[in-house]
Amino acid sequence: MSTWWPECRNEFAVWSLDTARMKAKRAGVAVEAIDQFVSQPQKARTRNELQEALEQLWQDPTAWPRRAELQAYYLYMRCLKSWEISLDHASIEALIDVVRCAWHHVTGSPSSRQAVDVLMRHTATVTVCLKVEDSLLCSCPSDLATQARSVVSQSRAQLARLRRFAHPTEFGALVEYVLQVDICYFDCLAATADSLIGAQHPSPAAVAELTGTLERLSDAEHSPLLAGSVYTSRLRAHRRLLTIVRDRLQNPRSPTLDIREARVTYVYPFTLDGFERPDTDPDGTAATEGSEAGRRAYTMWGEGPSTDEVDLAGETPRSAVHMKFELTDIWSPPEPDSDCGHGTVVKMPALSVTTTAPDPERPGHWTESPELDVEIWLGRFGNHHVRVQTPVMAFSLHELNQALRRGWTSMGPEAVRGGGDREWSGLADYVQAVVKALADRLDRVDRADAQMQAASRVHAHINVDADYHTVVEIRAASVRVGSGERSATFDDIRNLAGSLLFQPIERVPITLEEWICNRTPANVPNLLGESRFDCDVASRAANTTVLFLPAAPDWGYLSFLEMAEYIATLPALLRMWRRQLDRMHVHALARLSEWRALGERDPRRGKGEIDKTRLELSEFIARVRAQRTPLSSVDLVRSDAHRTFLDNLMTTADIPRQMAELDGRIQQTDQLYAYMVEYERALEEKRRRRYENIVEIILAVVASLSLFGLASYFHSLVVTSDIDPYMAIVSNEWIELGIFGGLFVLLTGTALYVILRRR
């Protein structure tokens with residue numbers, strides 16, 4: 001056996017690339033090209049260069065077997081390593097496609113290259129492994145079972161091909177080990193998914209199936225095949241889940257929570273800037289007026305769909321209305337002399353979502369969720385968001401878990417369709433496309449026809465992973481214990497679904513229905529205070545807000561939903577203002593440095609430039625401070641009860657700290673403004689001193705000339721009275737010249753001395 005085989009087998013267990021990379025580099029494998037392609041798969045030139053490099057090595061007879069096998073093994077391990085550290089499946093799929101094309105063009109005796117052929121075919125199976133992960137992200141056990149069995153089936157087929165050899169190679173033994181590991185692990189995943197599906201209908205048979213699957217997972221975890229493997233750690237999470245589910249099913253008195261009426265609202269905050277561009281602000285960092293975005297949107301869609309169908313990412317908005325017609329009256333109105341209202345709401349076509357779960361009522365079809373309403377809220381402060389909302393409907397806890405995850409970028413692919421022909425792989429993809437298109441449309445509202453081809457000046461900033469928020473309204477719920485049923489209290493919801501509703505949604509789950517394994521919070525603060533019914537509770541986690549108002553009418557939820565959405569939009573707004581202040585600060589410092597050098601040569605010109613920048617900076621600070629001031633609950637809502645809820649939401653969302661950071665940025669910019677004022681004063685003082693110096697020199701020259709005239713007159717009276725007239729004239733000229741020169745040198749030296757001392 002070759003010396004690299006034991007090392008590679010040991011490192012394969014933990015998906016390490018160290019040995020494979022070192023050996024492959026020494027063997028002349030294009031390791032750098034492979035790694036570069038994974039980081040930049042969108043470049044066609046990189047793709048072609050990599051494919052040519054792979055083909056060249058495999059078609060070289062001297063590369064077989066060692067170098068060719070090392071290249072195949074490194075490609076496979078590169079795919080696994082990229083899968084382990086990233087959710088970017090596109091780069092992995094692109095690499096697999098290049099490998100498939102390169103291997104397809106390789107010619108030669110299949111018997112001598114069968115092990116490499118098997119590994120390259122198994123590398124293509126990684127795309128199915130990615131679908132298994134997508135099913136996990138969707139928390140869809142039925143699709144996970146299907147995809148996991150597909151991996152097992154393809155791996156077994158390749159293992160059968162490999163074992164048909166009469167003389168297996170050492171590399172073939174490594175490939176066989178790889179196939180056996182995948183068969184073992186993904187077979188366990190399929191069994192886990194099947195057991196969870198069976199547990200949806202409690203019965204002794206379901207308990208027995210769970211017990212059998214647990215034993216199977218335990219045997220695999222402790223088997224020599226998976227010893228030290230990364231798959232061992234993954235099986236532990238699945239065993240923990242199945243253990244909890246089995247224990248609950250074994251207790252006949254275990255209560256079950258049914259969500260009879262609930263609504264889920266997805267909030268996607270974003271900001272827009274670039275509406276204004278002062279001459280000294282070429283990057284468009286001026287604070288955004290939220291009312292400008294709303295005004296332009298209303299111009300396009302305020303009267304319903306326009307005749308030219310101005311669309312957003314293929315979706316034509318149905319209408320745009322003033323926000324005051326959509327908001328409840330808990331909000332304080334804008335100032336009477338303000339030229340803007342609360343904002344504008346753009347109503348979009350409804351969305352349909354097709355999940356990865358099969359429809360039990362329609363064999364061969366997938367389950368479709370009820371239509372989702374979509375609106376774009378453009379706030380007057382610049383705190384914009386896209387609202388995607390389900391209807392009021394019943395949810396199982398499994399369906400509620402899927403609904404909470406549906407808005408994430410890391411949610412597995414689902415078919416999202418709107419009113420047009422376009423399809424998106426998830427809600428987050430749809431929202432990001434619409435927001436980007438909105439910025440471009442708003443930028444072109446007031447442009448002349450000749451300017452339409454210019455680059456967009458309005459830019460959208462959206463960070464779904466950082467700002468995405470979900471609001472869950474639970475309007476009616478019940479608890480079943482045995483054959484009895486009663487209305488659920490908040491304690492019931494906390495005890496039976498607290499780990500789902502009152503814990504942050506994890507971006508990447510490690511098992512199906514991961515919320516079941518989470519800790520139930522012992523204490524859930526009620527953000528409503530003491531002014532509501534004793535059954536009403538509102539709580540907020542990092543990315544979820546839960547409203548449980550079982551005695552409230554439908555309209556009673558609206559004001560609390562609006563406040564929850566408002567708080568969810570603030571972090572993006574405050575971050576934009578901090579970013580703008582930072583950019584303006586750096587821009588002003590750079591210009592100040594240039595103008596200091598200019599001021600040394602030309603104080604008058606330096607003063608003009610610094611004065612212009614100072615005024616722009618002053619206006620910028622005043623605008624940010626004016627927009628920052630009314631964000632407090634006292635200025636936003638009318639009643640004390642709503643202020644209490646809004647203040648509690650702000651504290652839970654860490655808004656006070658973020659506002660303090662913004663205030664710190666404003667203070668730094670204020671200090672820069674004060675420095676610029678002082679520097680401008682220094683320039684003025686310097687200019688004044690230079691003016692005084694010039695005046696003093698002129699006066700000195702005038703004085704010297706006066707003294708010269710006096711000396712000449714005195715000389716003509718006293719010195720030259722008895723001298724020959726001709727000699728007197730000559731003598732007077734030299735004497736006058738000497739006196740004038742001496743006085744000029746003396747006065748000039750004195751003036752220069754005074755000037756230098758004043759500097």
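**Close-up 1. Strands β3 and β4 are joined by 10 bridges and run antiparallel.** The model shown in this and the following views is predicted. Strand β4 covers residues 366–379. One residue pair marks the register of the two strands: Met 348 stands opposite Val 374 in β4.

**Close-up 2. Strand β3 also pairs with strand β2, in the antiparallel sense.** Strand β2 is made up of residues 319–322, and four bridges connect β2 with β3. A pair to look for here is Ala 320 with its bridge partner in β3, Val 346.

**Close-up 3. Strand β7 is a further antiparallel neighbour of β3.** Three bridges link the two strands, and β7 spans residues 415–417. Ser 352 has Arg 417 of β7 as its bridge partner.

**Close-up 4. Strand β3 is largely enclosed by the rest of the structure.** The strand runs over residues 343–358. Of its 16 residues, 13 are buried, so the strand is described as largely enclosed.

**Close-up 5. The largest nonpolar core has 155 residues.** The residues with the most contacts inside this core are Phe 12, Trp 58, Phe 186, Leu 257, Ile 376 and Leu 501. Helix α10, residues 170–199, gives the most to the core, with 17 residues.

**Close-up 6. Phe 12 is shown with the residues it touches.** Leaving aside residues up to four places away in sequence, Phe 12 touches Tyr 73, Tyr 76, Met 77 and Leu 80, as well as Tyr 177, Val 178 and Val 181. Phe 12 is one of the residues with the most contacts inside the largest nonpolar core.

**Close-up 7. Another core, of 54 residues, lies apart from the largest one.** Among its members are Val 267, Leu 327, Tyr 557 and Tyr 679.

**Close-up 8. Cys 138 and Cys 140 are shown in a structure that holds zero disulfides.** Cys 138 is in no disulfide, and the nearest cysteine sulfur to its own belongs to Cys 140, 6.6 Å away. Cys 140 is likewise in no disulfide, with the sulfur of Cys 138 as the nearest cysteine sulfur. A disulfide requires two cysteine sulfur atoms within 2.5 Å, so the 6.6 Å between these sulfurs does not qualify. Cys 138 is buried, with a relative accessible area of 2%. Cys 140 is buried too, and its relative accessible area is 2%.

How values were computed. Residues are numbered from 1 along each chain as its sequence is written. This is a predicted model: local features need pLDDT of at least 70, side-chain atom pairs count only at pLDDT 80 or more; totals for chains, interfaces and linings use all residues. Side-chain values use heavy atoms; hydrogens and water are left out. Buried means under 20% relative accessible area, exposed over 50%, partly exposed in between (1.4 Å probe, protein chains only). Two strands pair if DSSP finds at least two bridges between them. A nonpolar core is a set of buried Ala, Val, Leu, Ile, Met, Phe, Trp, Tyr and Cys residues joined through side-chain atoms within 4.5 Å. Contact means heavy atoms within 4.5 Å.
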